[in-house]
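Colleague: Before I use this model in any calculation, I would like a close look at one part of it, the aromatic side chains. Please then follow the thread from there into whatever else can be said.

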Amino acid sequence: MSKTLLILGLGGVGCFAAHLAARLPGLHVVVGDVREEHARQVANSLISVNFFEGAAQRFPRVDAVGLDMMRPEDIARVLETWRPDVIFNATTLLSWWHLHRLPHALARRIYYGDPEGCGLRPWAPGHGVLLTHLMRVVRAVLPQARVVNVSGPDYLHEMLGKVGLAPDVGVGNVALLEPILRRIVAEKRNVPPEALDITLVGHHCMCMQIFQEGALAPEIPFHLRIEEDRRDITAELDIDRDLWARVPAHMPLLSEVNQQCVAASALRIIRAMLYDTGEIMHAPGPCGLPAGCPVRVDASGVKVVVPPELGRERMLQIMYEANRREGFEPTGEDGTVTATPHCAEVVEDVFGISWRYRRFRLEEMFDAHQEMAEAFSRLLARYPGA
């Protein structure tokens, strides 16, 4: 096999994903960042780490590239030069984990879903600007490339899907719950984790509450089925007490979005694409849908696996209602994004603004991002040492 993976954005998630990818056989890894020297140093690190690990391919093929994703011509140059089979986007203009710099009681009013907070609707344009540039160029220059995205997949992919720009799939979010739930149920029932099968349909807005509070507001919809040796045991478990309440004790380090596990979830998808495995896994934002669900992944991309006990219509009801709990009204056919009334009320109260871009079109996305970035900076300034 001779395949090329392009990783864009070398923060915590992108760097860790690159280290995992460099261990794969027969893979050419290209790492890109607006900081060209940083990209070169990351590439050198991948090569040296493989040497010390004694990997089968001790000196992997790794290249570095500098690019500014605000400039579509930069993206086009990189795609035309390297012709990647898979692109992993780990870029954003406003990382949401900076919310942890705020007092917890205030931060939860922002990143928890309705009714706890406004959800991450205010962060959508900051996550979406660079992704939109990337997808427009991919469609024009390299439409056969598969795109895996970490920035706001639960809501951005549905928005971009309205105009034919949705990435293949997202990573993290509901996927991060699967290994934790396997451990919890295996411990409770004294069985090996591999005896269990998890089926989950849910949105990002459920994840943060469960990860940090060990509880979920009853208004947030989801679907969960757990099987032990192919037998449905869901009814034998108290989901709130036996599962959600135990999640925080099984969480890895949450700092900066638990970057290592997010990157690992991305590599699971990327491996399935590169090696054409047809593996079934959980992932957010597949095929332009909001929320996450089971998917089958191979070289052709991603296919949604509808839980038979749920059916497609009910699955979509859960997804779209959960997206409203994240602060999103149904997206317009032209990709226009509108905040729910509850989301707008919380944003204006917390940030102290008259929210101009509670509704924005794709061409207004950067201005919408700037409005929120400036409001967030002013909010942080109220808390010295944040």
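Modeller: A cut-off comes first: a residue counts as buried under 20% relative accessible area, as exposed over 50%, and as partly exposed in between. This is a predicted model, and what follows should be read as such. Phe 51 has a relative accessible area of 35%, so it falls in the middle class, partly exposed. For Phe 52 the relative accessibility is 70%, which puts that residue in the exposed class.

Two rings are taken as a pair if their centres lie within 6.5 Å; planes under 30 degrees apart make the pair stacked, and planes over 60 degrees apart make it edge-to-face. Five aromatic pairs result from this rule. One of them joins Phe 51 and Phe 52: the ring centres are 5.5 Å apart and the planes stand at 75 degrees, so this pair is edge-to-face. Another is formed by Tyr 155 and Phe 328, with ring centres 4.9 Å apart; their planes are at 20 degrees, so the pair is stacked. Tyr 155 belongs to helix α6 (residues 153-161), while Phe 328 sits in the loop between α12 (312-325) and β13 (337-338), so the contact ties together parts that are 173 residues apart in sequence. As for their surroundings, Tyr 155 has 3% relative accessibility and therefore counts as buried. Phe 328 is also given as buried, with a relative accessible area of 3%.

Back to Phe 52, whose place is in helix α2 (residues 36-53). Together with Phe 51 and Phe 59, Phe 52 makes up a nonpolar patch on the surface, and the three have about 390 Å² of accessible area together. Membership in such a patch requires over 30% relative accessible area. The 35% of Phe 51 and the 70% of Phe 52 can be read against that cut-off.

Charged side chains come next. The structure holds 28 salt bridges, and a few are worth going through. Asp 33 is bridged to Arg 35, with 2.8 Å between the closest N and O atoms. The accessibilities of these partners fall in separate classes: Asp 33 counts as buried at 6%, whereas Arg 35 is partly exposed at 42%. In the salt bridge of Asp 114 with Arg 325, the closest N and O atoms are 3.5 Å apart. This pair links distant parts of the chain, 211 residues apart: Asp 114 is in the loop between α4 (104-111) and α5 (124-141), and Arg 325 is in helix α12. Asp 114 has a relative accessible area of 15% and is buried; Arg 325, at 18% relative accessibility, counts as buried as well. Helix α12 thus appears in this salt bridge, and the loop that holds Phe 328 lies between α12 and β13.

Asp 298 and Lys 303 meet in a salt bridge too, at 3.9 Å from N to O. Here Asp 298 is buried at 16% relative accessible area, and Lys 303 is partly exposed at 44%. Elsewhere, Arg 71, Glu 73, Asp 74 and Arg 77 are joined into one network by salt bridges that share partners.

That leaves the strands. One open sheet has three strands in the order β10-β11-β12, paired antiparallel. Its edge strands are β10 (279-284) and β12 (301-304), each of which pairs on one side only. On average, and with direction ignored, neighbouring strands of this sheet are turned by 45 degrees against each other. Strand β11 (residues 292-298) runs antiparallel to β10, and six bridges join the two. Within that pairing, Glu 279 stands opposite Val 297 in β11.

A second open sheet is also made of three strands, in the order β7-β8-β9, with antiparallel pairing. Strands β7 (196-201) and β9 (231-232) are at its edges, each with a single partner strand, so one side of each is left without a neighbour in the sheet. Between β7 and strand β8 (residues 223-228), which run antiparallel, there are six bridges. Ile 198 stands opposite Ile 226 in β8.

Conventions
Residues are numbered from 1 along each chain as its sequence is written. This is a predicted model: local features need pLDDT of at least 70, side-chain atom pairs count only at pLDDT 80 or more; totals for chains, interfaces and linings use all residues. Side-chain values use heavy atoms; hydrogens and water are left out. Rings of Phe, Tyr and Trp (its six-membered ring) pair if their centres lie within 6.5 Å; planes under 30 degrees apart count as stacked, over 60 as edge-to-face and the rest as tilted. Buried means under 20% relative accessible area, exposed over 50%, partly exposed in between (1.4 Å probe, protein chains only). Helices (H or I, at least four residues) and strands (E, at least two) are DSSP runs, numbered from the N terminus. Patches are made of residues with over 30% relative accessible area and no salt bridge: like charges are joined within 9 Å, nonpolar side chains (Val, Leu, Ile, Met, Phe, Trp, Tyr) within 5 Å. Accessible areas come from the Shrake-Rupley method with a 1.4 Å probe; for residues, only the protein chains shown count as cover. A salt bridge is a side-chain nitrogen of Lys or Arg within 4 Å of a carboxyl oxygen of Asp or Glu. Two strands pair if DSSP finds at least two bridges between them. Axes are lines fitted to C-alpha atoms, for helices over the stretch in contact, and angles run from 0 to 180 degrees between N-to-C directions.
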